[in-house]
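I opened a fresh page for this one and went through the model with a few simple lookups. Here are my notes, in the order I made them.

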Amino acid sequence: MANVVVIGAQWGDEGKGKITDLLSKSADVVVRYQGGVNAGHTVVVQGQTFKLHLIPSGILYPDTECIIGCGTVIDPQVLIEELDQLEALNISTRNLLISETAHVTMPYHRMIDQASEERRGTHKIGTTGRGIGPTYADKSERTGIRILDLMDPKGLQKQLRWTIEYKNVILEKLYNLPPLDAETVIAQYREYAERLRPHVVDSSLKIYDAIQRRRNILFEGAQGTLLDLDHGTYPYVTSSNPVAGGACVGTGIGPTMIDRVIGVAKAYTTRVGEGPFPTELDGVVGEMLCDRGAEFGTTTGRKRRCGWFDAVIGRYAVRINGLDCLAITKLDVLDELEEIKVCVAYEIDGETTKDFPSNARHFANCQPIYKTLPGWQKSTAECRTLEDLPKEALSYLKFLAELMDVPIAIVSLGASRDQTIIVEDPIHGPKRALLHANGTPVTSHR
């Protein structure tokens with residue numbers, strides 16, 4: 001039995017959907033613990049592409065129980081659309097469970113999110129406009145609507161009439177937007193409630209029961225470490241905690257119940273939205289990474305900014321999350337390059353540091369210090385073992401493992417399930433590792 005957390009070790013979009021899907025094969029339960037429809041996980045199975053925003057990737061395995069935890073915020077309309085799409089493809093959703101204490105995204109959240117971002121002008125933060133921040137804000141303000149409120153028609157009517165009256169003042173007076181009709185919203189969300197009612201449970205109790213029965217549980221986060229509200233590149237962050245610690249708060253279990261934490265990182269770095277990005281590439285190489293990596297957001301379709309691998313933020317992710325091992329994705333995107341750079345440190349105001357700066361001004365002034373490695377200029381798409389890789393590609397992976405002092409357990413070489421090298425099974429396998437460049441093993445910190 002193992003309870004494993006999968007997190008993004010960069011700015012999100014690392015390929016967590018594929019890795020979660022792969023690990024779900026060994027999991028009995030998959031739990032999503034934070035974020036909302038601002039997340040997008042793409043999974044390719046036998047040539048068929050599935051794009052999921054709220055439903056855990058484990059839904060593609062018919063016997064896997066999938067839970068949307070209390071730390072998520074749920075847009076019922078989007079969730080129902082996902083249910084319909086999966087069922088239309090003959091994917092059963094009977095095993096999907098929804099936390100009764102998860103908060104609900106309402107129409108006014110989306111309206112406020114979009115209007116607020118527009119008003120920021122040059123100070124915009126790059127929100128998806130899906131209402132995630134305002135939903136979490138209402139949660140913190142203790143005025144939010146929860147799934148259990150949807151299940152109580154009379155209570156929902158009373159609560160929403162007051163809330164919409166209050167939100168309409170903001171919409172009209174602050175943003176010059178038309179008011180919402182309370183009765184229309186109430187009727188719409190009552191319909192959503194009836195569709196979702198069979199899936200609603202006390203998710204913390206369900207997860208605890210699964211742990212007591214020694215079932216394998218996989219906890220999946222959305223976004224990435226550098227987008228964490230407390231530990232990311234604030235203010236250009238999301239409104240929740242994607243880091244490993246968020247799995248406990250977002251599901252209702254204790255930290256002693258987590259056995260292993262897996263970080264997912266691309267073989268290069270990408271970022272969507274605003275904010276500093278020390279290794280960003282503006283020229284031909286950046287465009288090549290974007291084109292070969294199909295770097296466009298699953299949720300918004302926005303083009304991702306691309307750059308070299310940043311080991312400084314990699315080490316930070318290891319520290320903040322307590323990573324036991326890494327999954328490196330999209331190694332194949334680098335196949336054509338003659339040489340590859342890796343950021344090993346930053347120069348800030350004339351001083352060199354290998355540590356991620358918590359001061360936003362310092363981070364904005366970081367200049368990357370690079371180590372240049374030879375490329376392999378051979379296709380890796382068909383490689384299925386480490387021995388199949390070109391020696392330069394294997395050396396590159398070993399260099400990353402050495403820099404971050406954490407083993408690499410999985411290497412992904414394409415979008416499909418089978419385009420993967422499993423160095424070790426992160427759930428059941430022994431803690432083997434890639435070797436350091438000097439031949440000594442990379443061992444987990446645990």
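What covers the buried residues of α4? I should say at once that I am reading a predicted model. In this model, I found that the cover over the buried residues of α4 includes β6 (73–74), β8 (103–104), α3 (107–120) and α6 (153–174).

**Entry: helix α4**

I then listed which residues of α4 are buried, and got Ile132, Pro134, Thr135, Tyr136 and Asp138. Arg142 follows just after α4, and I noted its positive phi of about 65°.

**Entry: the annotated positions**

I checked UniProt next, where an unreviewed entry lists Asp13, His41 and Lys139 under "active site". One of these brought me back to the helix I had just been reading, as Lys139 sits in α4, residues 132–141.

Is Lys139 buried or exposed? Neither label fits: I read a relative accessibility of 32%, and because buried means under 20% and exposed over 50%, Lys139 counts as partly exposed. I also looked up the contacts of Lys139, setting aside neighbours within four places in sequence, and wrote down Cys70, Gly71 and His103.

**Entry: helix α11**

Why do I call α11 largely enclosed by the rest of the structure? Of the 11 residues in this helix (311–321), 9 are buried, so the description holds. My list of them reads Ala311, Val312, Ile313, Gly314, Arg315, Tyr316, Ala317, Val318 and Asn321.

For the packing partners of these buried α11 residues, I noted the strands β1 (3–8), β11 (260–266), β12 (269–271), β14 (309–310) and β16 (339–348), along with the helix α13 (391–404).

**Entry: the whole chain**

Stepping back, I counted secondary structure and arrived at 13 helices and 20 strands. The C-alpha atoms fill a box of roughly 65 × 50 × 40 Å along the principal axes.

How does the radius of gyration compare with that of a compact globule? A compact globule of 446 residues would come out near 22 Å, and the chain has 22 Å, so the two agree.

Buried residues account for 58% of the 446 in the chain. Among contacts with a separation of 6 or more, 77% join residues 24 or more positions apart.

**Entry: surface and charge**

I put the exposed area of the chain at about 18600 Å², with 49% of it supplied by carbon and sulfur atoms. Last, I looked at charge: there are 49 positive and 57 negative charges, and their mean positions lie 2 Å apart.

Terms used
Residues are numbered from 1 along each chain as its sequence is written. This is a predicted model: local features need pLDDT of at least 70, side-chain atom pairs count only at pLDDT 80 or more; totals for chains, interfaces and linings use all residues. Side-chain values use heavy atoms; hydrogens and water are left out. Helices (H or I, at least four residues) and strands (E, at least two) are DSSP runs, numbered from the N terminus. The radius of gyration is taken over C-alpha atoms; the globule rule is 2.2 Å times the number of residues to the power 0.38. Buried means under 20% relative accessible area, exposed over 50%, partly exposed in between (1.4 Å probe, protein chains only). Contact means heavy atoms within 4.5 Å. Accessible areas come from the Shrake-Rupley method with a 1.4 Å probe; for residues, only the protein chains shown count as cover. Lys and Arg count as positive and Asp and Glu as negative; His and the chain ends are not counted. The place of a charge is taken as NZ of Lys, CZ of Arg, CG of Asp or CD of Glu. UniProt positions are given in the numbering used here, feature names are shortened, and annotations may be inferred rather than shown by experiment.
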